[in-house]
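Work through the exercises below with the sequence and the model open. Each task is followed by a solution in steps.

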Amino acid sequence: MWPGGRCQIPRADRSRWYSFVVSTDRPAIIQGDRTVLLEVEHPAYEAARDTLSRFAELERSPEHVHTYRLSALALWNAAALGVTTAEVLAGLRAISRYELPSHVEREICELMARHGVCRLVDGPDAHTLELRVGDDPVRTRLVRDPKLSDLARAVGDQFFVPVAQRGALKRALLAIGYPVDDVAGLVDGAALEVKIQDGTFTPYPYQLEAVRAFRASGHGVVVLPCGAGKTVIGVLAMAALGTRTLVLTSSREAASQWRREVRARTHLADDAVALYEGARAAAIAPVTITTYSMMSKKGGAGATGYGHFDRLAREPWGLIIYDEVHLVPAPIFRLTAELQARRRLGLTATLVREDGRETEVFALIGPKRYEVGWRVLEHSGHIAAATCFEVRVAMPPALLERYAEAPLREQPRIAAENPAKLAAMTSLVERHLGERILVMGTYLDSLRAAAAALGAPLLTGDSSHREREAAYAAFRSGATRILVLSRVGNFAIDLPEAAVLIQISGTMGSRQEEAQRLGRVLRPKPGGASFYTLVSRHTCEEELALHRQLFLTEQGYRFFIEDLSTGAGADAGLPVAQAPSKKRAARSRGTAGADAAAGDLVEEGEDDGALLN
């Protein structure tokens, strides 16, 4: 069989097939559908993984062979970072066991050549941009396609675009496979001198490099691990540009954290940094911080029908920062299309979105401009070394029978609320006595039981902002050593002392959530960090866990398997630990629809639930 099982090679032609072998010492096989099979146990696995991470996406991560895809978006993001077609092809040839299929090479060349075919530049006046198109078929389509011709007016061989249609045109062209290189001018906004308090901290080299990469274009995304100081990059960007800034965040806690960071790291006066919280007299300052949910609220008589957006859009911002850009909700994309003349900086730990809107980030906020891998910063000591475990827990027989008879929609909750998980959780907490521990989950009933079993505070969407801040402060000071958190803890909470995270349940197969939760314990600390995911055996949780771990596997993390089952005695809830296996459990994606279903798990009282997945 051809590698990957594509076709049968006749016996008489096998000598010809063997002529395609380049080197059996190489770890990868590039297939005709632009997937790449990478052998995990191969000595050159890590180097090949690092090569692929520059221009491919990890799709599946079974025990022995990982599958990557050379997707169009991954190739275009690579092109935006300056990776050339020649570098992609050379990288693939260097790791491939067989000759690169000629049609795959041709497709890579064609896809990467599309980046820059369409270029937006300044037009003849302040209200018009010019679209330069370097391909005759695309020019023809722009003239004949009514949807495109409404956005770009043809005048001879030139195309002119109203400034108001800048974002809409980029979305439309990306939808037909042509990413726009937007180099048209950006408004400077009102000037604002932002002086850094140099004596309080020294930026890391990668933070300075990220700001330089962003400034070169004025729009795009910086991708760095949780705990790597993305807020610092935002502050440095403000100082470098010297302009009024609007910061959009995922929650009120994140907004408060941003305000603390800006005040601590700059000489800006207290009244120069405001939290916009939506009241009629809400403060607007030279640096204003608000949430995506606030901007997404409908109402008002403004042009867009989103009152808070219309109010803030009138301000002379020179920079808009999208924190946790992978969480931007759909209405914000529509509104961002109106802000294409402003500098736009997206910050995230992962561009993975479970709703498939990665292309919206690319088109409207910008392509990836800078990235450093998680393990790279771990090895340099900028984030904590983390050990990840998938802990398997047996289901009590009666509950397993109920699970088997339940409708598919109800099975994830039944598996997540397995009472044997509480005993496993307690065992893990005892293993880490003296360390600061976070327990996180999705379902409130099991979280309440966990908090009661540990005698620990519980924070959910129903907890007030004041309650959350008080609990976080107690954890930072050491007065509280264990916190139990719902999904309110997924993003932008600053708990650098946390060294252990125990995940008792998750939101279906969300890769994004898995990465963010690991990020809660990645601040540098002696002894590193431990990350545990409790999984009910012989349930859908086993399969969903495979998908959740994909992004972290791509970053170089391995999940050790630990069995805390008691088999038939699981009703007693007393786990019997077995030595962790260094082999990962068999991995198979098999979770079609899992991410879409995640929306069904909105937590009761969760104020930020609409922003997730």
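**Exercise 1. A central strand**

Task: Find which residue of β21 stands opposite I437, then describe the strand that holds I437.

Solution.
Step 1. I437 stands opposite V500 in β21. Strands here are DSSP runs of E with at least two residues, helices are runs of H or I with at least four residues, and both are numbered from the N terminus.
Step 2. Before going on, note that this is a predicted model, in which local features need pLDDT of at least 70 and side-chain atom pairs count only at pLDDT 80 or more, while totals for chains, interfaces and linings use all residues. Residues are numbered from 1 along each chain as its sequence is written, and side-chain values use heavy atoms, with hydrogens and water left out.
Step 3. β21 covers residues 500-503 and is joined to β18 by 4 bridges, the two strands running parallel. Two strands pair if DSSP finds at least two bridges between them.
Step 4. β18 also pairs with β20 (residues 482-485), again in the parallel sense and over 4 bridges. In that pairing, M440 has L485 as its bridge partner.
Step 5. In a regular strand the side chains alternate between the two faces of the sheet. In β18 (residues 437-440), I437 and V439 point one way and L438 and M440 the other way, and all are buried. Buried means under 20% relative accessible area, exposed means over 50%, and partly exposed lies in between (1.4 Å probe, protein chains only).

**Exercise 2. A sheet of 4 strands**

Task: Give the strand order of the open sheet that contains β1, and say which strands stand at its edges.

Solution.
Step 1. The order is β1-β2-β4-β3, with antiparallel pairing.
Step 2. β1 (28-30) and β3 (57-60) stand at the edges; each has a single partner strand, so one side of each is left without a neighbour in the sheet.
Step 3. From one strand to the next, the twist averages 30 degrees.
Step 4. β3 and β4 (residues 65-69) run antiparallel and are joined by 3 bridges. Within this pair, R60 has T67 of β4 as its bridge partner.
Step 5. Helix α2 (residues 45-52) lies across β2 (35-39) and β4, at about 155 degrees to β2. Such angles run from 0 to 180 degrees between N-to-C directions, with axes fitted to C-alpha atoms, for helices over the stretch in contact.

**Exercise 3. T35 and R34**

Task: Is T35 buried or exposed? Describe its surroundings, then turn to R34.

Solution.
Step 1. T35 is found in strand β2. Its relative accessible area is 2%, so T35 is buried.
Step 2. Apart from neighbours within four places in sequence, T35 is in contact with I29, I30, T67, Y68 and R69. Contact means heavy atoms within 4.5 Å.
Step 3. The side chains of T35 and D33 are joined by a polar contact of 2.5 Å. A polar contact is a pair of N or O atoms within 3.5 Å; within protein, one must be able to donate a hydrogen and the other to accept it, and residues adjacent in sequence count only if both atoms are side-chain atoms.
Step 4. R34 lies in the loop between β1 and β2. R34 has a positive phi of about 65 degrees although it is not a glycine. With a relative accessible area of 19%, R34 is buried.

**Exercise 4. A covered helix**

Task: How many residues of α3 are buried, and what do they pack against?

Solution.
Step 1. In α3 (residues 72-80), 8 of the 9 residues are buried, and the helix is mostly covered.
Step 2. Among the buried residues are L73, L75, W76 and N77.
Step 3. The buried residues pack against elements including β3, α4 (85-95), α5 (102-114) and α8 (166-175).
Step 4. After α3 comes G82, with a positive phi near 100 degrees.

**Exercise 5. A loop glycine**

Task: Where is G189, and which residues does it contact?

Solution.
Step 1. G189 is in the loop between β9 (180-182) and α9 (205-215).
Step 2. Its relative accessible area of 35% makes G189 partly exposed.
Step 3. Leaving aside neighbours within four places in sequence, G189 contacts T243, P316, W317 and G318.
Step 4. G189 and T245 are 56 residues apart in sequence, and their C-alpha atoms are 8.7 Å apart in space.
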